[in-house]
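Visitor: I like to know what stands behind each label on a model. Could you walk me through this one, term by term?

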Amino acid sequence: MPKTKFQSVVFSAMMVFAMVFCMTCYTVSFNLGGFSYKVLSIAIQEMWVEYVVVFLLIFFVITKIAQKLTARIIDREAVPGFVSILAMQTFTVAIIVPVITLFATFLHDGFTGLWFVQWIELWVKCLPMAFFLQVLYVGPLVRLIFRTIFRNQNHC
């Protein structure tokens, strides 16, 4: 969807912000025993390290890997656009969730004797939510906002 490097940066920044914020709210709500306004406040305060790490990984590494994996299984010319988008989203989530949950495990809990089971537990909790947020809510919303912002520039 982005046509220029600048648009790629903006799109990635928007998508990563929305996903990291939502996923931080999700994990914080587990720790607090439910969702509340306090969860929103804590999430906006605590999300920034993960935001930077996820943005760098997505922008420089994971998108390229997801594109290559998508190209291996889908002929973009032969399938509807949403199939390519769904494949990209699936590969992106499948790659980023184990990586960022490992990072978050060490960031928040340190390197303890329980790091492995803590990581697997967080990975299992986060993978379904990240996938459904990306496919059903955050992905479509960010694409809509992006298309609206860059409407005139994308139809030249």
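Visitor: Which residue takes a positive phi just after α4?

Guide: That is G110, with a phi of about 80 degrees. A word on the source before we go on: this is a predicted model, where local features need pLDDT of at least 70 and side-chain atom pairs count only at pLDDT 80 or more, while totals for chains, interfaces and linings use all residues. Residues are numbered from 1 along each chain as its sequence is written, and side-chain values use heavy atoms, with hydrogens and water left out.

Visitor: What makes a stretch such as α4 a helix?

Guide: A helix is a DSSP run of H or I with at least four residues, numbered from the N terminus. The 29 residues of α4 should span 42 Å, taking 1.5 Å times one less than the number of residues. The end C-alpha atoms of α4 are 41 Å apart, which agrees with that expected span.

Visitor: Where is the kink in α4?

Guide: At I96, shortly before the proline P98, with an angle of about 25 degrees. That number is the angle between axes fitted to the seven residues ending at a residue and the seven starting there.

Visitor: How do you know that α5 falls short of a straight helix?

Guide: Set its span against the expected one: a straight helix of 35 residues would span 51 Å, and α5 spans only 42 Å between its end C-alpha atoms. There is also a kink of about 55 degrees in α5, centred on Q134.

Visitor: Why is A130 called buried?

Guide: Buried means under 20% relative accessible area, exposed over 50%, and partly exposed in between (1.4 Å probe, protein chains only). A130, in helix α5, has a relative accessible area of 4%, so this residue counts as buried. R143, also placed in α5, has 14% and is therefore buried. The buried residues of α5 include W119, C126, L133 and F146 as well.

Visitor: What is the label for T63, buried or partly exposed?

Guide: T63, found in helix α3, has 23% relative accessible area, so the label is partly exposed. Its C-alpha atom is 9.5 Å from that of Q89, 26 residues apart along the chain. V54, also found in α3, is buried because its value is 8%. V54 and L141 are 87 residues apart in sequence and 19 Å apart in space, C-alpha to C-alpha.

Visitor: What makes the contact of E121 and K125 a salt bridge?

Guide: The term asks for a side-chain nitrogen of Lys or Arg within 4 Å of a carboxyl oxygen of Asp or Glu. The side chains of E121 and K125 meet at 3.4 Å, N to O, so the contact qualifies. The structure holds one salt bridge.

Visitor: Why are E121 and K125 separated by about one helical turn?

Guide: Because they are four residues apart in helix α5. An α-helix has 3.6 residues a turn, so residues three or four places apart point the same way. E121 is partly exposed at 45%, and K125 is partly exposed at 29%.

Visitor: What makes a space a pocket?

Guide: On a 1 Å grid over the protein atoms alone, points where a 1.4 Å probe fits form a pocket if the set is open and has protein on both sides within 12 Å along at least five of seven lines; lining residues have an atom within 4 Å of a point. The largest pocket holds about 1600 Å³, a volume being the space filled by probe spheres set on points joined across faces, edges and corners. Of its 50 lining residues, the closest to the centre are M19, V54, I58, T92 and I96. The elements giving two or more residues to this lining are α1 (5–32), α2 (37–46), α3 (48–73), α4 (81–109) and α5 (115–149).
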